[in-house]
Amino acid sequence: KGSRVVQEARERRERGQARIKYWELGTAAGAKEKEAEEAKRERQETEASLRRIETSNDVDDYKSSMRYGNVMSGKLSENEERQHSIAQQKKSLPIYGMKNDILRVVRENQIVVIVGETGSGKTTQLTQYLHEEGYSKRGVIGCTQPRRVAAVSVANRVAEEMQVELGKEVGYAIRFEDFTSEKTVIKYMTDGILLRESLSDPDLEKYSCIIMDEAHERSLNTDVLFGILKQLASRRSDLKIIVTSATLESEKFADFFGRVPVFRIPGRTFPVDIFHSKSVVEDYVEGAVRQVLQIHLQASLPGDILVFMTGQEDIEVTCETIAARLEKLEGAKPLLILPIYSQLASDLQARIFEPAPEGTRKVVVATNIAETSLTVDGVKYVVDSGFCKLKTYNPRIGMDALLLCPISQASASQRAGRAGRTGPGRCYRLYTEYAFSHEMLPANVPEIQRTNLGHVVLLLKSLGVSDLLHFPFMDPPPPENIVKSMLGLWYLGALDGGGRLTDLGKRMSTFPLDPPLSAMILAGERFGCADEVVTIVSMLSVPSIFVRPPGREEEADAVREKFLVPESDHLTLLHIFQRYRSSGCRAEWCNKHFLNSKGMRKASEVRSQLVDLMKEQKMELASCGLKWDIIRKAICAAYFHQAARMKGIGDYVNLRTSVQCYLHPTSALAGLGYNPEYVVYHELVYTGTKEYMHCVTAVEPQWLAELGPMFFTLKEGNTSRLEKQRQEEQDRLRMEQQHEEAQREKEREQAVT
Ligand code: CDP
Ligand code: MG
């Protein structure tokens, strides 16, 4: 612990910067001059193509990255050659021989569970098989994915396999990005999208088949969809439902849907030798870097390396450190280092599928996205950090946080298996055998049992599911989580005391946003500043737009400082967006001001979609002009349950939980030395030592009292922590009682009718 690398990682994390970068190194190491010259040219081409990517839209991005990939591997875009190899690859997939059997089972059953090793072709082939069989004549073939990256990347791949333009016959939809058309017959989407679609179309009429892919991931939305589709199946006997899984949990799925058949695609895997660490690894980044270099330098055989890291920051540090160490090693063979995580730009994501140039080894450093969602061919070595980041409800701070957690044994086996797809492989675990067998849980805890359910509760309520405690969940969430989430919605005014959806709640549920953000939009409308608030919400819905290129950090910070609005990070975002608009939304303007132009463009797209939703609801899009105080009040209306009071400079305590939290060093409030007594914040980020408030706005105490009367009165100030807890307990009891009463009332009504 405390090694330089971890320290660096921590500093990076604290700066909270999202940088998009890729590493390509060693192409020229130890090579002759001519090769060096070529490498230089290649790099220039790369940079040129990346610049092209900067200014083009997403589909063009993908195409230019493909073009770039072809340049890289020296096979100048021979479309035919590529099609030929794709056809070959399709035939070599384990699922290929099972095609007719699968189609028969699907024909004979309404619901089928299909199990197959990752990489056997479930995600890319099943939709095409169903399409070829004619199911697409009756409606769209939908395939849900728990991860956005997977939905986009798989749609790309399938469009290519079918030789159609992406967005036409084959399309995808993820939040704020609908890439489908009238012609679309195969649609990949996140599970959240399908869930939202069921709001406006409860019978999902437009679909003939729905594949719930990656069910073993047990994402929150997939779990809710399970219940919804189970109920829908009896109403729509023509709808085919396929649930796919990479693990043995399949029996549980089959039982849940009423003992439906399980179809197994025989695996074709090779043995993987597993090596555990002899002692506890204190610093898994350092451990992984060493392991990668050791494999690279010692293994005489070719074969790519897949490293499982935790998240973006760790991945970036790992990539940079490998690159830096390799540079110092004379005569080392070239290594192509590629990161992959969900926030990475989609064109850079596509690169992990490209073969490395002749004689170059590829190392992909990934989050657990590469565990089952994405398959990188050619991997022979796996390096497993043993950790992942999980969204987990943290009762101490009263909200979800991404926590670093040890992986489960199931995940560990899955990770190891990735090395044995095309031949025997090796897996290096950066943890001891003891830790594996004694400290890891056998399987992952489903998301529904560990996270805040606010958004889902709101959705289910809007779907008319009044009694959440009896909804068919495969693994019901702990009742206290449901009650807590309902309580949260009650604070925001989305539910009434009896747990019924209010008008406000109904309107909130039309936005694909977390409840507090929907509440902010509605407060904005109420206070006459919806135009500004919707901008803020859009900016909060895209990854951080600030860029800090290495070596130019100070310059970037100086530019950023000019944008800061002293009392609020939210208003700073608004300010930046307004300046961007008045610059004509130009990419050059962004680059000059160290802002990510793609992120800004995305925010502007999100904004127009939210505005459309508002118009549909006949909401007024008024602007408050320069009276920005009123915007802060709207912000306060969304976050009054996340308020803090100053204790010292930069040092605050949460008003409800009394937990200590700090201004993030990048906050506008920290930057300009303005220290307001009361603030609200968007989220808490735990960095391993301290709880930082991320995105903070100064508020007036009377607003807190006015907007959050269930927590605050103006006399507030010396209420002890215990009293607050008692107060919260009382609120909860009241909520529960009222909920029960409503329940009894309903039962009485039913008894009468
Ligand atoms: O879903 P499952 O894990 O069973 O397999 P899949 O995702 O359908 O992958 C089948 C094959 O397609 C693998 O060999 C992948 O490497 C390949 N593939 C690809 O080359 N590019 C993608 N974007 C997705 C998959
Ligand atoms: Mg798959």
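This report walks through a barrel, a ligand shell and one helix in a predicted model.

## The barrel

Let's start with the strands. Five of them close into a barrel, in the order S18-S19-S20-S22-S21, with mixed pairing. From one strand to the next, the twist averages 55 degrees.

The pair S18 and S21 is a handy place to look in detail. Strand S18 covers residues 643-648 and strand S21 covers residues 678-686; the two run antiparallel and are joined by three bridges. If you want a residue to click on, Ala 643 has Val 680 in S21 as its bridge partner. Helix H26 (residues 629-639) lies across S21 and strand S22 (691-698), and its direction makes an angle of about 50 degrees with S21.

## Around ligand 1

Next comes the ligand. Ligand 1 is surrounded by 17 residues, of which Thr 118, Lys 122, Thr 123, Thr 124 and Arg 157 are the closest. Helix H6 (122-132) and helix H7 (148-161) are the elements that give two or more residues to this shell.

As for chemical character, the shell around ligand 1 has 11 polar residues, three charged and three nonpolar.

## Helix H12

Helix H12 takes in residues 312-328, and its length can be checked with simple arithmetic: at 1.5 Å a residue, its 17 residues should span 24 Å, and the end C-alpha atoms are 25 Å apart, so the two agree.

How much of H12 is covered? Mostly covered is the answer, with 12 of the 17 residues buried. The buried residues include the run from Gln 312, Glu 313 and Asp 314 through Ile 315 and Glu 316, as well as Leu 326.

Methods: Residues are numbered from 1 along each chain as its sequence is written. Chains are lettered from A and ligands numbered from 1 in the order in which they are written. This is a predicted model: local features need pLDDT of at least 70, side-chain atom pairs count only at pLDDT 80 or more; totals for chains, interfaces and linings use all residues. Two strands pair if DSSP finds at least two bridges between them. Helices (H or I, at least four residues) and strands (E, at least two) are DSSP runs, numbered from the N terminus. Axes are lines fitted to C-alpha atoms, for helices over the stretch in contact, and angles run from 0 to 180 degrees between N-to-C directions. Two residues are in contact if their C-beta atoms, placed from the backbone, lie within 7 Å. A residue is near a molecule or strand if its C-beta atom, placed from the backbone, lies within 6 Å of it. Ala, Val, Leu, Ile, Met, Phe, Trp, Tyr, Cys and Pro count as nonpolar, Asp, Glu, Lys and Arg as charged, and the others, Gly among them, as polar. The expected span of a helix is 1.5 Å times one less than its number of residues. A residue is buried if 20 or more other C-beta atoms lie within 10 Å of its own, exposed if 12 or fewer, and partly exposed in between; C-beta atoms are placed from the backbone.
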